[in-house]
Amino acid sequence: MSSIAGQATARAFCVLAPNASMMTLDGTNTWVLAEPGSEQAVVVDPGPLDEGHLRAVLDHVEQTGRRVAATLLTHGHPDHAEGAARFAELSGSGVRALDPGLRLGDEGLRDGQVLEIGGLEVRIIGTPGHTSDSLCFQLPADRAVLTGDTVLGRGTTVVAHPDGRLGDYLDSLRRLRTLAAERQVSTVLPGHGPVLADALGTVEYYLAHRASRLAQVETAVEAGFRTPTDIVAHVYADVDRALWPAAEWSVRAQLDYLGEHGLV
């Protein structure tokens with residue numbers, strides 16, 4: 001685990017947004033990507049609509065002698081995407097995302113796509129689950145992956161029911177585990193929290209955590225707990241109450257998953 005903000009890999013620099021909270025941890029990580037020696041940069045997740053932060057991102061790009069060639073979004077939650085339109089205005093770049101409603105310009109993003117910008121290679125990985133439009137961005141040259149909210153630098157993430165679906169999320173984690181097991185990825189560059197140097201261990205922990213929570217929810221239902229609110233109070237009793245509303249999203253997603261598989 002490393003510090004937050006600053007140079008994380010040879011091609012990735014983090015500018016931390018000033019929107020810390022229990023849900024966003026230390027704030028949103030806005031990533032500036034560039035091939036060493038290139039005059040072009042890619043910005044991932046400009047973050048909230050905070051003028052100071054957006055200008056700080058642009059200042060960093062310009063101070064390195066580069067210009068913003070593209071702005072990419074891992075997903076559409078406001079803490080990642082709210083500032084995208086304003087940043088596009090400031091930088092003169094378009095906005096590329098899976099969701100057409102978030103795009104500025106004609107170009108979107110899709111699973112399996114490979115972008116080459118100023119010599120930088122970015123592979124687009126469809127990772128739905130946290131949200132239906134969640135993407136991860138692989139940097140093969142750094143053996144790194146930008147995960148948005150699919151994997152966080154600290155703690156675990158929420159399946160944002162009803163848009164997020166647990167089955168999709170588990171499939172996405174398994175896909176990331178395969179990349180890590182095949183040594184294509186070793187470093188996680190998350191949307192919140194510090195950089196993680198053990199991609200395989202992190203994803204395996206996430207899968208084990210999800211399996212444990214799912215078993216706890218199934219047991220709670222068998223014990224007579226029926227509503228998501230009651231299940232959260234029982235299963236997430238050790239979690240800060242301020243996070244219970246978010247936990248309820250995940251419980252609803254887990255109940256849907258158990259129902260789809262005939263387990264409740």
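Select helix α1 in this predicted model, together with β2 (12–16), β3 (29–33), β4 (40–44), β5 (67–72) and α3 (84–91): the buried residues of α1 pack against these elements. The helix itself covers residues 51–63.

Next, colour the buried residues of α1, which are H53, L54, V57, L58, H60 and V61. Turn the view until you look down the axis of α1; these residues fall within an arc of 155 degrees, so they line one face of the helix.

Then measure the helix from end to end. Its 13 residues reach 18 Å from the first C-alpha to the last, close to the 18 Å expected at 1.5 Å a residue.

Which residue caps the N-terminal end of α1? Select D50: one of its side-chain oxygens lies 3.1 Å from the backbone nitrogen of G52. At the other side of the tour of this helix stands G65, which follows α1 and has a positive phi, near 80 degrees.

Now move to helix α5, residues 199–222. This helix has 24 residues and reaches 35 Å between its first and last C-alpha, close to the 34 Å expected at 1.5 Å a residue.

Which residues of α5 are buried? Select A199, T202, V203, Y206, L207, H209, R210, R213, L214, V217, A220 and V221. To see what covers them, add the surrounding elements, which include α4 (166–181), β11 (187–190), α6 (228–235) and α7 (244–260).

Finally, select G224, which follows α5; its phi is positive, near 110 degrees.

Notes: Residues numbered from 1 in each chain as written. Predicted model: local features only at pLDDT ≥ 70, side-chain atom pairs only at ≥ 80, totals over all residues. Heavy atoms only, no water. Helix = DSSP H or I, 4+ residues; strand = E, 2+ residues; numbered from the N terminus. Expected span 1.5 Å × (residues − 1). Buried < 20%, exposed > 50% of the residue type's maximum accessible area, 1.4 Å probe, protein only. Contact = heavy atoms within 4.5 Å. Arc of directions from axis to C-beta. Polar contact = N/O pair within 3.5 Å; in protein donor to acceptor, adjacent residues only side chain to side chain.
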